[in-house]
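Q: Please take a close look at the open sheet in this model and at what lies across it. Keep it brisk.

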Amino acid sequence: MSGRKGLQQRCEREIKLAGRTYRLGHVMTVKELAAYLRVHPSTIYKLLRLHELPGFRVASEWRFNLATIDRWLLERNVKPSDDESVRRAELGRGRDSS
C-alpha cells in the first residue's frame, strides 16, 4: 500500500497562491489517456473534436486531469476496467445514424 501512496504523492502537487493551497492532480497526455481508457489515440482526438472529452491545451498538446476524466467516466457510468465493447457502445452514443 505504501507504493500506491508514493505514486499519489508523486502525481499530485500542491501550490500556494494568494494564501490558499491548491492541489494539482495527475495530468496525462493523449497517449497515456488512450492507454488508460483502452482506446486508440484517434478516438481521443475524435472526442475532443466533438467537444465530448474534458481536456486542456498546453501549447499545441492536449492534456487531461485524471480526476476530471474519472468523473467524466462515472457520469457516463463507464469504468476503466469495463469491457471494451461497452466502452465502444458508450462512445458511439450521440452519433447520427445517417
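A: Helix H4, residues 66-75, lies across E3 and E5. H4 runs at about 70° to E5. That angle is taken between N-to-C directions, on a scale from 0 to 180 degrees, with axes fitted to C-alpha atoms, for helices over the stretch in contact. Contact means heavy atoms within 4.5 Å. Helices (H or I, at least four residues) and strands (E, at least two) are DSSP runs, numbered from the N terminus.

This is a predicted model: local features need pLDDT of at least 70, side-chain atom pairs count only at pLDDT 80 or more, and totals for chains, interfaces and linings use all residues. Residues are numbered from 1 along each chain as its sequence is written, and side-chain values use heavy atoms, with hydrogens and water left out.

Now the sheet. Three strands form it, in the order E3-E5-E4. The sheet is open and its pairing antiparallel. Strands pair if DSSP finds at least two bridges between them. E3 (27-28) and E4 (56-58) stand at the edges. Each has a single partner strand, so one side of each is left without a neighbour in the sheet.

Take the E3 side. Two bridges join E3 to E5, residues 61-65. Val 27 stands opposite Asn 65 in E5.

Now the E4 side. E4 and E5 pair over three bridges, again antiparallel. Arg 57 has Trp 62 in E5 as its bridge partner. E4 and E5 form a hairpin, with two residues between them. Ala 59 sits in that turn, with a positive phi of about 60°.

E5 has two faces. Trp 62 and Phe 64 make up the covered one. Glu 61, Arg 63 and Asn 65 make up the uncovered one. So Trp 62 belongs to the covered face and is also the bridge partner of Arg 57. Asn 65, opposite Val 27, belongs to the uncovered face.

Step back to the whole chain. The elements run α-β-β-β-α-α-β-β-α-α from the N terminus on. That comes to five helices and five strands. Buried residues (under 20% relative accessible area, 1.4 Å probe, protein chains only) make up 20% of the 98 residues.

Last, confidence. The chain averages a pLDDT (the predictor's confidence in each residue, from 0 to 100) of 78. Of the residues, 62% score at least 70. Over residues 1-10 the pLDDT is below 50. Beyond near neighbours in sequence, this stretch has zero contacts in the model. Where pLDDT is low, the predicted coordinates should not be read in detail.

Definitions and conventions:
Buried < 20%, exposed > 50% of the residue type's maximum accessible area, 1.4 Å probe, protein only.
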